[in-house]
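Let's walk through this structure together, starting where two chains meet and moving on to the empty spaces. Keep the view open as you read.

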Amino acid sequence: METKIDFTLNGKKVSVTSDPMRRLVDVLRDDFSLEGTKEGCGEGECGACSVIKDGLLVTSCLVPIGAVQDSEVLTIEGLSETERGKCLSEAFADGGAVQCGFCIPGMMMAADYLLMGNPHPSETDIRLGISGNLCRCTGYDLIVESIKLASERGQGLW
Amino acid sequence: MVSTFIPRTLQEALAIRRETEAHPFAGGTDLMVAYYRGVGVTPVFPWPVMLISGLEELKGIQKDTQGNVIIGALEISAHIAENPLVPWHVRQAAGRMGAISLRNQATIGGNIGNASPKGDLPATLILLDAMVELQRVGAKRLMKVDDFILATKKTQLAPDELITKVIIPEPQKEFTYVWYRKIGTRRANAISKLSLSAAITLSEEGLIEDFRASSGAAGPKVERSREVEKLLIGRDIHDIEKLLPSFLDAYDTVICPHAMPEFRRLSTRKMLQYFLLQCVKRPQSQIII
């Protein structure tokens with residue numbers, strides 16, 4: 001049973017005709033070729049598929065596309081085009097946050113969501129802010145430092 | 001293919017529920033995991049599904065004129081954790097569920113309806129004598145969360161009903177001391193291995209006017225025994241050392257952990273003992289840690 005779902009994706013109105021129970025992560029990757037959103041665990045534990053839906057950080061592997069009707073979705077591709085995204089990716093590069101890179105889109109989405117609510121986070125705030133994102137290279141310290149760097153550089157962005 | 005419905009209003013949802021018994025699907029944090037089939041594969045459910053996360057009528061947190069806190073069934077853990085109207089125990093449990101993204105998706109109605117003995121919100125709701133409102137076309141009923149959840153994955157929800165609200169009554173008197181402890185393997189995304197929620201109300205002189213405790217992940221449902229609580233109610237907190245052995249033995253019969261019973265029983269005893277012995281000292285802070 002296919003249903004037409006209209007939503008806003010990275011600031012543009014889009015629609016997709018699909019089984020409403022298809023997962024948002026699959027729709028983003030397969031229908032819109034937005035492959036920055038990764039799938040790690042498929043059960044909401046690893047944060048690699050994180051996107052911001054209606055202002056809330058969510059794991060897109062647990063969201064059926066039918067629940068996205070009329071929503072606004074921001075993916076790593078959309079974030080990267082903003083000043084906030086540019087600040088974060090430069091800080092991640094300068095801070096050496098990226099090893100294999102698989103977790104990084106999710107980490108950046110979690111970092112953006114954290115900074116939106118708390119533009120000047122402490123180290124503990126940052127660690128809690130990315131506590132739903134797993135990095136299997138275990139490079140957490142440099143990721144935390146890079147988010148701190150972004151928060152210092154990005155005055156007024158968040 | 002099994003049907004999926006996307007109702008726009010509660011009335012529409014209740015009508016669909018009556019006609020098709022479609023399974024309500026809110027945050028998806030349990031259902032999408034249970035029916036996961038792999039990368040790029042659409043989950044298939046054994047029953048018709050109704051996506052209800054857009055129903056605004058089931059959102060919101062308010063206090064009514066009698067002091068009851070009313071939480072819409074679709075309120076997410078993140079909102080519950082940060083709302084000052086919500087009692088402390090429930091905020092604690094909501095704030096420690098999963099990680100940020102999970103708390104942004106998981107709903108209170110889902111956490112109750114899923115009826116897992118490890119569900120974090122039911123343990124605190126049962127402590128506070130919270131009620132659920134159940135609606136079907138043309139009718140509503142209320143019952144205690146404790147009565148609603150029968151056992152693991154079993155509730156009293158009728159096939160034509162939806163959980164619409166959670167109502168937490170105001171305690172007759174503010175608790176003097178409160179306790180909440182969730183034991184999990186790590187801070188984020190850990191399912192409770194064990195939890196204990198407790199509260200006590202003491203008079204100036206130290207008389208125990210109210211005492212409650214509930215245990216999560218320590219049996220087929222959240223365990224609470226009002227009979228065992230009565231062993232302490234009306235007694236003097238200064239006699240607690242004398243009362244403790246028989247009270248702890250009695251509480252031990254309340255919980256029935258299936259796996260790791262020794263760990264769960266011993267940790268529960270230690271937490272109860274610690275909480276009650278701290279209360280004798282009458283610390284300044286209401287929150288015992």
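## Where the chains meet

A good place to begin is B:R8, whose side chain forms a salt bridge with that of A:D70, with N and O 3.6 Å apart. The model you are looking at is predicted. Between chain B and chain A, the count is one salt bridge, and the two chains also share six residue pairs in polar contact, with both residues at pLDDT 80 or more.

Which elements of chain B give two or more residues to the side that touches chain A? They are α2 (31-34), β3 (49-51) and α5 (100-103) of chain B. Sorted by class, this side of chain B has 16 nonpolar, 13 polar and three charged residues.

Now take in the whole contact, to which chain B gives 32 residues and chain A gives 34 residues. The size of an interface is often given as the accessible area lost when the parts come together. Here, the area buried between chain B and chain A is about 2600 Å², and carbon and sulfur atoms give 61% of that area.

Next come the empty spaces. Rolling a probe the size of a water molecule over the atoms shows where empty space is left. The largest pocket has a volume of about 1300 Å³. Its lining counts 47 residues, and the closest to the pocket's centre are B:D30, B:L31, B:G110, B:N114 and B:K153. The elements of chain B that give two or more residues to this lining are β2 (23-25), α2, α6 (108-113) and β10 (162-168). Of the elements, α6(B) gives the most, with four residues. By class, the lining of the largest pocket holds 21 nonpolar, 17 polar and nine charged residues.

How many cavities of 30 Å³ or more are there? The count is one cavity, and the space in the largest cavity is about 40 Å³. On the chain A side, look for A:S50, A:L57, A:G129, A:G132 and A:N133 in its lining; chain B adds B:A99, B:I100 and B:S101. By class, the lining of the largest cavity has three nonpolar and five polar residues, with no charged residues.

To finish, return to charged pairs. Side chains of opposite charge can pair when their charged atoms come close. Over all chains, a search of the whole structure finds 29 salt bridges. One to look at is the pair A:R127 and A:D141, whose closest N and O atoms are 2.8 Å apart. A:R127 lies in helix α5 (residues 123-129) of chain A and A:D141 in helix α6 (residues 140-153) of chain A, so this salt bridge ties together parts that are 14 residues apart in sequence.

Definitions and conventions. Residues numbered from 1 in each chain as written. Chains lettered and ligands numbered in written order. Predicted model: local features only at pLDDT ≥ 70, side-chain atom pairs only at ≥ 80, totals over all residues. Heavy atoms only, no water. Contact = heavy atoms within 4.5 Å. Buried area = accessible area lost by both parts, 1.4 Å probe. Salt bridge = Lys/Arg side-chain N within 4 Å of Asp/Glu carboxyl O. Polar contact = N/O pair within 3.5 Å; in protein donor to acceptor, adjacent residues only side chain to side chain. Nonpolar A, V, L, I, M, F, W, Y, C, P; charged D, E, K, R; others polar. 1 Å grid on protein atoms, 1.4 Å probe; cavity = no way out; pocket = protein on both sides within 12 Å on 5 of 7 lines; lining within 4 Å. Points joined across faces, edges and corners; volume = space filled by probe spheres on them.
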